[in-house]
Structures are given as structure tokens and as C-alpha cells.
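Please walk me through this structure in a viewer. Tell me what to select at each stop and what is to be found there.

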Amino acid sequence: MQDASAKPATTAAEDKLTDGFHLLIDALKLNGIDTIFGLPGIPITDFTRMAQADGIRVICFRHEQNAGNAAAAAGFLSGKPGICLTVSAPGFLNGLTALANATTNCFPMILISGSSEREIVDLQQGDYEEMDQLAIAKPLCKAAFRVLHAEDIGVGIARAIRAAVSGRPGGVYLDLPAKLFAQTMEAEAGKRSLIKVVDPAPRQIPAPDSVQRALALLKGAKRPLIVLGKGAAYAQADADIRAFVEKSGIPYLPMSMAKGLLPDTHQQSASAARSYVLPEADVVMLIGARLNWLLSQGKGKTWGGKSPKEWADKRFIQIDISPTEADSNVRIDAPVIGDIGSCVAALLAGMGSNWAKPPSEWTSAVAERKDKNIAKMAETLAKNPSPMNFHSALNVVRNAVKAHPDAILVNEGANALDFTRSIVDMYQPRKRLDVGTWGIMGIGMGFSVAAAVTTGKPVIAVEGDSAFGFSGMEVETICRYKLPVCVIILNNNGVYKGTDQNPAGDDMAPTQFVKDARYEMMMQAFGGVGVRATTPEQLAEALDEAVASGKPTLINAIIDESAGTESGRITSLNPSTAKKK
Ligand code: ADP
Ligand code: TZD
């Protein structure tokens, strides 16, 4: 029986053809890509429909930057490149910030943008959304490609995947002119043109002598320290990393997105003694962490140097996949170049069975500092001031993450970031996503959507009220896809805090927002749950309910508007004027 409502039967000749739309879908599926984050419009709207019809999950956003951030986070969490799909010029530019941020953070993603007529763009004759996108993307990502012919789609996707995930991961741009989508070719030939990428991120085995050099240095150390960075979290070598740290007995510091690789409550964690271990250590082993600004470039007072730029008397071991990372700031005495999984496995094997733990003077001195600071923090967390402050609110989040260690914590803001990082312990790898290497605001809702879609676990997003504003419209996206995301806004009425005053007029100060803003109503507007919480009890009740129900929830947590300092812990990066009024 023929179904009268079925689409018109294709002719035999049409059956033998395929086109750009379908080759692109087939190429992505062939390579295990099952999700696209994007925003439709000319020339990609039909592509989103066809991809969805073909079983790819298409998650559409309200702004391309958030789709791009989602792709980047999906890339970090899964090790597969996250895909962001946008329209030409303005959509492309909106996605570009996320692509640049992904590259900076070493997250694999591919930004695929439709583009206008090449002939018109190149002669600058004024096409709809005219822009030379390839040229603009090139300096901001690892690689950029354009595909002009349908038979090259397979190669284009293969090159984009390899560039995104091999070596140091990063962002890739793929330019697809509108005409390409409708180009047809013989289906059989099309199929043969596709490439299933074999071993997209090949292991890079470290040179055995580099491993020996590193172990010798570590063995001779009196006050060794391990620093785990987000590269270590990305590498998905969790068991070996933990085994290596435990077998070595060396205190370790996790960078913010490496928290949870070993549980933050681990006895070797030196997080609570950071300002003691950095200057005191004599040998430091970096595993997937760069000596950039987040680590004071490896020099100066943070590291025990006497002046801001002085190199302290230290030896560094650096494990990284990028050979040019070593010596970028200070001398690296023992670079170990390879993928972290292979490097850590080689180190473990090389340690033998009777590795001596570090001297107990060192480990007990670290433990003493740490215990003192943890006790001090416990005292602060036990206080219950009115109005709430960062500590009393975040104590609630700390308990919730302890109860739900598989939940993913997304975090942005200034004080909201610094306090969350130090107060909320993480227990499992890759459960913390934050502002990363740039300290960028705006990742919040994109990362949350990706975390929920990629893992299916509950997501708790702790957001400064300013930070939330950069991607806040995506609460609609969260409601539309019914994602288990609970957004907590630590609302102090402004950027950093809400108490600045304009000394010269009626406008509010540059850092101030509308007072008592009802952010929770934004979530209610789209059918989610919105709660205004003024006490830790109210916050705890709403958060528990959100995690239990999995319903999209926004908690407007009202905190003391005078709480917070300018730029949080990086106040000193603000230039100050020498001119007196
Ligand atoms: P953090 O901000 O946590 O200190 P960074 O982003 O500065 O971390 O550093 C991450 C480092 O990890 C980068 O230098 C990158 O080259 C490296 N890296 C990423 N993935 C791997 C991997 N699979 N193997 C080895 N190194 C990696
Ligand atoms: N724009 C972008 C894209 N990134 C940035 N980092 C900033 C601006 C500057 N900035 C920060 O570095 S933190 C921050 C801004 C605007 C917001 C801080 O306020 P908040 O958090 O309300 O989010 P706290 O808890 O009140 O500090």
C-alpha cells in the first residue's frame, strides 16, 4: 500500500544523485559526530532540518557565541571536536569569539559557517552578508579551510577533524559557500569521496631519555610539587594520573579545571596551601598546565623570586604535547613531550616498585599549612550573616556538589568565580567548566547546555550577575530542550559589587545594575522554575529540588551588595592613574 501523505517518489535518476547537504551530513556521521550546536538562517537552515531528520541532534541557540561555547565545552568533555554551525558574516563573527576562546584554551571545536557567493565576495560587489570569512578566521584558530566542490567535502571534514584534535587541540574554521550545499554529484562517487578518519588524535610517545631525565630530577627533589592543568583533565588518563600522583607521594595543585582529577579532599592536595607550596617547592612538575598569567609566568614573588620578574631557584619538569611550550617563560629543565596518557604511563613504569616518597619535613609542612587554612575556611563557612554573602551561599553549593559528585559545575564571574573555585570541592574529573585561560565572561549558558547534552548529568551554573547577562537569553534554550540545568545567580547588583556611586551625575555608576532585579522571572517566562532566595536555607531547598527534579531552574540568590572586590583576586591587574585630581 502506498501512503498518500508520503513525499513524492524520487525518480531512479535522482536516487543516483547526492548533494552538498547530504555529503556533509554523511561525512559528519561517518566520523561519529552526533550533535551540532548552531543557529539557522541563510544558507544553512535546510541543512539543520536535514541533519535533524537524519538523526543528528541539532541544538539551536539564541546567539551564535553561545552555540560556539557549547561546541567548545562539548569538545573538552568528549575529546571529539564540538561542531558549531552559523550563517555568514554576522553569524560567523558571533561564533568567532568562541572559536578563538576554544583555541586559547586548547579545546577542540569546528566552526562551520555558510558564506556568500565567492565571485561577488572576492570582487567586493556587495553580496548579502558579504565577508571574506576565511581570511578573518585564519589568525584566530589552529587551521581554516574552505570547500568549493561537493566532492571535496569528505576531505574538508577529515582535515578539520584532524586539525582540531591532533597535537595540541584547538579551534578550526570550515567555510562552506552557499552554492556548495546544492551542488549535486553521483551518489556512489559521493560515498567514495568520504573519509572515516583513522586515529584522529594519534598517541605521541615521549622519548625514553626525556622520561628518565624527568624522573631523575624528581627523585633528587627535597620539596617536589605537581601542578595539574586542564590539559591533564582533557587527556582522559584519569586512572594513570591518579596512580602516578599517589605512587609519587608528591603534593599536587590542581588548576581550576583540573579540580576533581583527584578528589579535592585528597590528602595530597595542596590547594589550601598554594601560597606556601609555590615559593617553597624546589622541583615543579607541570602536567598539562602552561606557565601563563594564571601561574604568574613561573617567576616573581609567587614562586619565591625576590622581585616581580626574578626567576626563583627552581627546576621545572613540563609534560605537554606541544614541543614549543617549554621555555616560553622560564627554563624548563626536563621537558617531556608527548600526549599526557603516554607520558604518565611511561613515568609510572619508570618509577619502579620502590619509589621513595618525598621527605616528610616537606609533606608535613604542607599538611600543617593546609590544615590551618581548611580550619579557618570551615569557621567562615559556618557563619550565617544576613544578608547572605559569597561564603554562606557557596557553602550550600559545596554541600550539593558533595552530595551529587557527578553533577557538572559551570562557573563565571569575578568574585563568584574565585570564591567558588576555592570553596566548592570537586570529586570527579572534568566536572568543572569555567572562564579558562582568558577569564572570559559569557561561557555560562553555552557551557551549561553542552554539559547537559553531552553528559546527561545535572548541571549547576554558579554565575555572577554580570557574567550571567552575557548569555542569559539562553535560559529559553535550556527550557526548550528541557535540560537539567540549575542556574544560581550570586546577585550583588553589579559588576564585582553593587555599591559604586557616580560622583558626577544622575546615571548609575559603570559597575552598577538595576537593583533587586528579578532574574528568576526570566526562567519563569519560558516555563522553567524561578526562585528568589535570600537565605542559605531557601537556596539549599531550591537547589536540592532542582537537582532532584532535573527541571530548568534559576535561583536568584540575593547576596550583600557590598560583598566582592574589584576584579576579585586579580585587582592588581587594573592599571591605576598617576594623575591626582
Ligand atoms: P591550565 O589553564 O589548567 O593551567 P592550560 O590551558 O594553560 O591549563 O594548559 C593546557 C596544556 O595542556 C596546553 O599546553 C596543551 O598543549 C596541553 N595539552 C592538552 N591536551 C594534551 C594532551 N592530550 N597531552 C599532552 N598535553 C596536552
Ligand atoms: N567582558 C568579557 C567578555 N570578559 C571579561 N572578563 C570582562 C568583560 C570583564 N569582567 C571580568 O573580568 S569579571 C566581570 C567582568 C565584566 C563580571 C564580574 O561581575 P559578576 O561577578 O557580577 O559577574 P562578581 O561575583 O560580582 O564579581
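The tour below goes through a predicted model, one selection at a time.

**Stop 1: two annotated regions**

Select residues 20-136. An unreviewed UniProt entry lists this range as "domain: Thiamine pyrophosphate enzyme N-terminal TPP-binding". The chain here is 52% helix and 17% strand, and the C-alpha atoms at the two ends of the range are 24 Å apart.

Now select residues 211-347. The unreviewed entry in UniProt gives this range as "domain: Thiamine pyrophosphate enzyme central". Helix makes up 29% of the chain here and strand 17%, with the end C-alpha atoms 6 Å apart.

**Stop 2: helix α4**

Select residues 64-78, which form helix α4. The helix has 15 residues, and from its first C-alpha to its last it reaches 21 Å. That is close to the 21 Å expected at 1.5 Å a residue. Is α4 enclosed or open? Of its 15 residues, 14 are buried, so the rest of the structure largely encloses the helix. Step on to G79, which follows α4 and has a positive phi, near 80°.

**Stop 3: strand β16 and its neighbours**

Select residues 459-464, strand β16. Here 6 of the 6 residues are buried, so the strand is largely enclosed by the rest of the structure. In a regular strand, side chains alternate between the two faces of the sheet. Colour V459, A461 and E463 to mark one side of β16, and I460, V462 and G464 to mark the other. Both faces are covered, and these residues are all buried.

Add strand β14, residues 408-412. It runs parallel to β16 and is joined to it by 5 bridges. To see one position in this pairing, find L409, which stands opposite I460.

Then add strand β17, residues 485-491. β16 and β17 also run parallel, with 6 bridges between them. Here V462 stands opposite I488.

**Stop 4: salt bridges**

How many salt bridges does the structure hold? There are 20, and the next selections show some of them.

Select D54 and K29. They form a salt bridge in which the closest N and O atoms are 3.6 Å apart. D54 is in the loop between α3 and β3, while K29 is in helix α2, so the pair ties together parts that are 25 residues apart in sequence. Both ends are partly exposed: D54 has a relative accessible area of 30%, and K29 one of 38%.

Move to helix α13, residues 238-248. The side chains of R242 and E246 meet in a salt bridge at 3.0 Å, N to O. Why are these two separated by about one helical turn? Because they are 4 residues apart in α13. R242 is partly exposed at 33% relative accessibility, and E246 is partly exposed at 30%.

Next, select helix α18, residues 415-423. R421 and D418 form a salt bridge, with the closest N and O atoms 3.1 Å apart. The two are 3 residues apart in the helix, so about one helical turn separates them. R421 is partly exposed, with a relative accessible area of 21%, whereas D418 is buried at 11%.

Finish this stop with R62, E476 and R480, which are joined into one network by salt bridges that share partners.

**Stop 5: backbone details**

Select I42 and P43. The peptide bond that joins them is cis, with omega about 10°. P43 is in the loop between β2 and α3.

Another cis peptide bond runs from S386 to P387, with omega near -5°. P387 is in the loop between α16 and α17.

Now look at E129, in the loop between α6 and α7. Its phi is positive, near 50°, in a residue other than glycine. N493 also has a positive phi, near 65°, and is a residue other than glycine. N493 lies in the loop between β17 and α22. Is N493 buried or exposed? At 9% relative accessibility, it counts as buried.

**Stop 6: a patch on the surface**

For the last stop, show the surface and select W293, L294, I570 and L573. They form a nonpolar patch with about 340 Å² of accessible area together. I570 is in the segment after β19 and is partly exposed, at 36% relative accessibility.

How values were computed:
Residues numbered from 1 in each chain as written. Chains lettered and ligands numbered in written order. Predicted model: local features only at pLDDT ≥ 70, side-chain atom pairs only at ≥ 80, totals over all residues. Heavy atoms only, no water. UniProt positions renumbered as here; feature names shortened; annotations may be inferred. Expected span 1.5 Å × (residues − 1). Buried < 20%, exposed > 50% of the residue type's maximum accessible area, 1.4 Å probe, protein only. Patch = residues over 30% accessible without salt bridge, like charges linked within 9 Å, V, L, I, M, F, W, Y side chains within 5 Å. Areas by Shrake-Rupley, 256 points an atom, 1.4 Å probe, with all protein chains shown as cover. Salt bridge = Lys/Arg side-chain N within 4 Å of Asp/Glu carboxyl O. Pairing = 2+ DSSP bridges.
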